[in-house]
Amino acid sequence: MPWFPDFVSAVELVRRQTHAAGLADPVAQYFTALNTRDSHLLETAWPGEVVVYDPRAGEIRGHRQLRHFVSRNQSWLAERHARIESIASISSGGRAVVELLAHLDGDERELAWPVAVVAESPDDLSVVFRTYCSQWPVDGRRHVRPPILTSGSAQPGDVVSRYEAALEAGDAEAVVNTFAADGYFRESIGPHLTHRGTAELRSFFTERFSAGGGISLQVCAVTDDGVRCAVEYNVVRWGSHDLPPQAGLGVYERGPDGLLAAARVYDDVEPPAAQP
């Protein structure tokens with residue numbers, strides 16, 4: 001998983017809520033250090049803890065490991081002539097979520113790779129990044145992503161809560177009723193798998209529930225600005241199949257009528273085989 005420069009955007013959003021005005025900007029200093037590989041800046045700009053949870057590399061903790069991580073991935077985007085498009089962002093409660101779409105050169109066509117980055121700052125000098133995505137667009141494989149967070153007490157409200165209840169119940173009609181007439185669901189693999197409107201959503205979720213029932217999520221963290229709600233979760237069951245808990249993130253965007261205008265997911269969970 002490459003290091004996206006747009007991580008800076010996530011940190012800037014979270015800093016607006018956690019850093020007092022007039023403080024020196026450790027974020028700009030820190031990422032300048034990453035770009036220039038200046039070890040002195042790396043040691044002094046952000047002396048607190050820096051942690052990255054990456055789908056491929058796992059947990060990266062501290063300046064030394066982070067420098068190695070960045071060094072290994074620095075050329076990855078350049079080799080693929082990447083163009084990074086910002087989709088949306090959420091900031092609330094000392095946490096920020098940034099949605100990105102990476103456009104990469106593929107063997108035969110351009111790939112569009114959805115990635116979400118969560119930045120959480122426990123204090124002025126420390127930051128935690130959690131990255132969510134499917135790796136299918138870049139290597140053609142599903143990868144089981146162990147949990148990053150444990151189940152928490154926070155729960156989404158209103159239409160997001162109704163959507164998740166319908167999802168767990170395996171009730172396709174109830175799921176569809178949480179979406180606006182022109183609302184859409186985008187799968188984690190990319191925008192080419194977007195299901196828009198009542199008929200497409202009904203067909204998609206009916207097929208999703210054909211493995212014996214609904215999809216059970218453990219809610220771990222909720223970031224909600226009133227328009228968009230990001231839910232970090234662990235998938236633990238799909239229909240009649242217990243799954244090894246797998247980390248993911250969903251972003252649910254409310255329309256003016258209070259229904260879902262969009263749902264975008266970032267995980268690598270593979271559907272079990274449909275029951276005959």
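1. Quick definition to start: helices and strands here are DSSP runs, at least four residues for a helix and at least two for a strand, numbered from the N terminus. Counted that way, the protein chain has eight helices and 12 strands. Keep in mind that this is a predicted model.

2. On the overall build, half the story is burial: of the 276 residues in the protein chain, 50% count as buried. The accessible surface comes to about 12300 Å², and carbon and sulfur atoms hold 49% of that. Looking at contacts in the chain with a separation of 6 or more, 57% are between residues 24 or more positions apart.

3. Now to strand 3, which runs over residues 83-92 and includes Ile90. Is Ile90 buried or exposed? Its relative accessible area is 2%, and the cut-off for buried is under 20%, so Ile90 is buried. In space, Ile90 has Thr223 at 7.1 Å, C-alpha to C-alpha, although the two positions lie 133 residues apart in sequence terms.

4. Asp224 belongs to strand 9. Its C-alpha atom is 7.4 Å from that of Ser91, and these two residues are 133 apart along the chain. Leaving aside residues up to four places away in sequence, Asp224 touches Ile90, Ser92, Cys229 and Arg254. With Arg254 there is also a polar contact, side chain to side chain, at 2.7 Å. Why does Asp224 count as partly exposed? Because its relative accessible area is 25%, and the partly exposed class sits between the 20% and 50% cut-offs.

5. Have a look at Gln246 as well, in strand 11 (residues 241-254). Gln246 has 6% relative accessibility, so it counts as buried. Which residues does Gln246 touch, not counting those up to four places away in sequence? They are Val144, Arg145, Tyr233, Asn234, Val235, Asp268 and Val269.

6. The largest pocket has a volume of about 290 Å³. It is lined by 19 residues, and those closest to its centre are Phe185, Ile215, Trp238, Val265 and Asp267. Elements giving two or more residues to this lining are helix 6 (158-169), helix 8 (197-208), strand 9 (215-224) and strand 10 (228-238). By class, the pocket lining divides into 14 nonpolar, one polar and four charged residues.

7. How many cavities of 30 Å³ or more does the structure hold? Just one. The largest cavity has a volume of about 60 Å³. Its lining consists of Pro55, Tyr132, Cys133, Gln135, His143, Val144, Arg145, Ala247, Tyr266, Asp267 and Asp268. That makes six nonpolar, two polar and three charged residues. There is some overlap with the earlier points: Asp267 appears in this cavity lining and among the residues closest to the centre of the largest pocket. Likewise, Val144, Arg145 and Asp268 line the cavity and are touched by Gln246.

8. One backbone detail to check by eye is Asp158. This residue is not a glycine, yet it has a positive phi of about 40°. Asp158 lies in helix 6, one of the elements giving two or more residues to the lining of the largest pocket. With a relative accessible area of 42%, Asp158 is partly exposed.

How values were computed
Residues are numbered from 1 along each chain as its sequence is written. This is a predicted model: local features need pLDDT of at least 70, side-chain atom pairs count only at pLDDT 80 or more; totals for chains, interfaces and linings use all residues. Side-chain values use heavy atoms; hydrogens and water are left out. Buried means under 20% relative accessible area, exposed over 50%, partly exposed in between (1.4 Å probe, protein chains only). Contact means heavy atoms within 4.5 Å. Accessible areas come from the Shrake-Rupley method with a 1.4 Å probe; for residues, only the protein chains shown count as cover. On a 1 Å grid over the protein atoms alone, a cavity is a set of points where a 1.4 Å probe fits but cannot get out, and a pocket is an open set with protein on both sides within 12 Å along at least five of seven lines; lining residues have an atom within 4 Å of a point. Grid points are joined across faces, edges and corners, and a volume is the space filled by probe spheres set on the points. Ala, Val, Leu, Ile, Met, Phe, Trp, Tyr, Cys and Pro count as nonpolar, Asp, Glu, Lys and Arg as charged, and the others, Gly among them, as polar. A polar contact is a pair of N or O atoms within 3.5 Å; within protein, one must be able to donate a hydrogen and the other to accept it, and residues adjacent in sequence count only if both atoms are side-chain atoms.
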